[in-house]
Amino acid sequence: MMAGAALTSLGSMSALEILERGRALADRPLRTIAPERMEREREIFRRRTRRSAELHAKAGGLLAGGNEHVDPLSSPYPLFLDHGDGSEVVDVDGNTYVDCILAGGAILLGHNDRELTAAIRDLLATRTGFHGHLDEYEVLAADRICRTFPAAESVRFTASGAEANLAAARIARAYTGRKKIVKFRGHYHGWGDQFMVDLEVPGSGAFMAGGVPEEHYADTVLVHPHRIDELADVLAAGDVAAVISEPLGGESGLVPFPDDFHRQASMLAREHGALYVFDEVVSGTRAGVGGAQARLGVTPDLFTLGKGLMNGYPGCGAVAGRAEIMNTAVIGLPSGGPFAYLGGTMSGNTLSMAACLHTLGAITRPGALSAAIGVASDLVTRLNELFDASDTGFFAYHFGTIVKIEMTAPHVLDAGRPENVEPIIQRRAVLADYMVPVSNGGVLSRMGRDMVSLAHSATDNEKVVNAYARLIEFLG
C-alpha cells in the first residue's frame, strides 16, 4: 500500500494532501465557461493574434499535424513567439506575456540571459560552434555536473533528455545482463519506444503508444506509484535491470511520491541486483541545488539530466552516475566486459557544453536558486488565497521552482477503466479552454503545469494571480 505521507523536504504541500485534494476536486462537478463567454474570449484572442493565426494556418500545410510542440496553447490555436527577455515573451503580434511555460522547464535562468548570451557570442567569435572533436568545455561541464550532483562520478552527454533516458536503460541492461526495466505508471521519460506505455495518466496503458509494436515495450514492467509491495513482488523475480522514476512523482509532481518511498525502493532494487535510476530531466535543475537526489538524500545508481541544464540551448542531455556503471558506455568496439554503445554527432558539442557550464554556475551561486524557489512559494501562496476565496476546489503547490495549479485533475481518474477515458479527455479539453482567458490576461500557462525562472519576480506573480482571477470570474 501507500508508503509514508509527507513530502515536507521538497514541496509546499504533503503528498497525501495533494492526492486527497485532487480526488476531492475530481469528485466535484466540472466547472466550464459558458459557451457564449468562451466564444467572446476566443474572439478577443483572435483579434489580438492575427499573425499567429496566419502562421498557424500556413503551418497546417507544412508541419505534420500543424504543430511540433506539446507546450503551447491549443485553444483556439498556438501562439507564435518573436522574442523573450527575462520572465516575459512577446508574440509575433506584439503582445507581451509572463511566461510560466518556459519551454516545458528548459528556460531556467530566464529568456535571453545576458551573461549566457555574451558567453556564447564570445565563443562563436573566438572559436567555433562545432568541430566534432573533443573540447575542453566537455570536461569543464562534466566536472561541474560531478561537483553539483551527489550521484555523479562520471558523465556522458546526449542530445536530449529523452536520449539520456534511453541511454540509462541501455547502460543498465548491459551492466546487469538483464532485460526488464520497471516504470511507474503515469511517469514520462521521453518518447522512446520502451517508455511509450502508461504516460501522463496512471493506467493509460498503450493509449499513447501508436506506431510502437508491443514487443518494443514488452520488457517495460509497470508498477503503480506508491505500491512498494507491488514493486517488491516484481523485483523478487530477479530479472529487473533497473527501476526508473521521476523522483518527484509522475509529470514532475502531479502524482507525488510519499516521503521515504525512494529510500525503501532503492534498497529493494539493490537487494535484488537492480539499478535505481532517477529521471532528473526536469527536477535536476529545479528541485534545488543538486536536484531531487540532494533534497531527498537518496543517491541513485544512475540519473539523467536535460531541459534546464543548458537554459534552452539544444543538444541538452546527460546521463551520469557511478563510474563503474558508466564505464559500460563506450565508443568503439566491445572489449570483453559489459558494453553499451552510445553515439551522437552533436552530443557534447561546444556551444551546449559552454551553456551547461554557465547555467549550472549561475544556479549554484549562493542564494540564486533559493530566491527563485521563494518566488514560486509566494506565487503558490497568493494563488491558494484566491482559490480558497472562490470555492472552486482549485489549489496550487510547488516543488522547488516547479509550480502546479490543479483545476480539473484528469490524472486522478483511473485510466484503466474504459468509462473514465472520455471524462479524462474532457477534463483536459476544459483545461485548454481555461488557458484562453488566462492568456488574454497576459500569462502563458501550460494548463497549470508551470515553472518560474531565476528572472521571475513578485511583480510577475501579481500578473499571474490576476490572470487566474479573470478565469475564476468567467466560471461564475
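**Exercise 1. The two faces of α6**

Task: In this predicted model, which exposed residues does the face of α6 turned away from its buried side carry?

Solution:
- Start with the outward face. E136, V139 and R147 are exposed there.
- Now list the buried residues of α6. They are E138, A141, A142, I145 and T148.
- Look down the helix axis. The buried residues of α6 fall within an arc of 130 degrees, so they line one face.
- Recall the helix geometry. An α-helix has 3.6 residues a turn, so residues three or four places apart point the same way.
- Find the packing partners. The buried residues of α6 pack against strands β4 (154-158), β9 (302-306) and β10 (317-321), and against helix α13 (350-363).

**Exercise 2. Length and start of α6**

Task: What should the 13 residues of α6 span at 1.5 Å a residue, and how far apart are its end C-alpha atoms?

Solution:
- Take the helix limits. α6 covers residues 136-148.
- Work out the expectation. The span should be 18 Å.
- Check the model. The end C-alpha atoms of α6 are 18 Å apart, which agrees.
- Then inspect the start of the helix. A side-chain oxygen of D135 comes to within 2.8 Å of the backbone nitrogen of Y137.

**Exercise 3. A four-stranded sheet**

Task: Trace the open sheet that contains β1, β2, β3 and β15. Which are its edge strands?

Solution:
- Set out the order. It runs β1-β2-β3-β15, with mixed pairing.
- Pick the edges. β1 (81-85) and β15 (443-444) each pair on one side only.
- Examine one pair. β3 (residues 96-99) and β15 run parallel and are joined by two bridges.
- Place the residues. V98 stands opposite V443 of β15.

**Exercise 4. E41**

Task: Is E41 buried or exposed, and which side chain does E41 join in a polar contact of 2.9 Å?

Solution:
- Locate the residue. E41 sits in helix α2 (residues 35-48).
- Apply the cut-off. Buried means under 20% relative accessible area. E41 has 2%, so E41 is buried.
- Find the polar partner. The E41 side chain meets that of N440 at 2.9 Å.
- Add the wider surroundings. Beyond four places in sequence, E41 also contacts V436, P437, R470 and F474.

**Exercise 5. The nonpolar cores**

Task: Which residues touch the most other members of the largest nonpolar core?

Solution:
- Name them. Among 63 residues, M407, Y434 and Y468 touch the most other members.
- Follow Y468. Beyond four places in sequence, its contacts include L383, L386, F387, I405, M407 and M435.
- Look elsewhere. Another core of 46 residues lies apart from this one, with L109, F149, V223 and F278 among its members.

Note on methods
Residues numbered from 1 in each chain as written. Predicted model: local features only at pLDDT ≥ 70, side-chain atom pairs only at ≥ 80, totals over all residues. Heavy atoms only, no water. Core = buried A, V, L, I, M, F, W, Y, C linked by side-chain atoms within 4.5 Å. Buried < 20%, exposed > 50% of the residue type's maximum accessible area, 1.4 Å probe, protein only. Contact = heavy atoms within 4.5 Å. Expected span 1.5 Å × (residues − 1). Arc of directions from axis to C-beta. Polar contact = N/O pair within 3.5 Å; in protein donor to acceptor, adjacent residues only side chain to side chain. Pairing = 2+ DSSP bridges.
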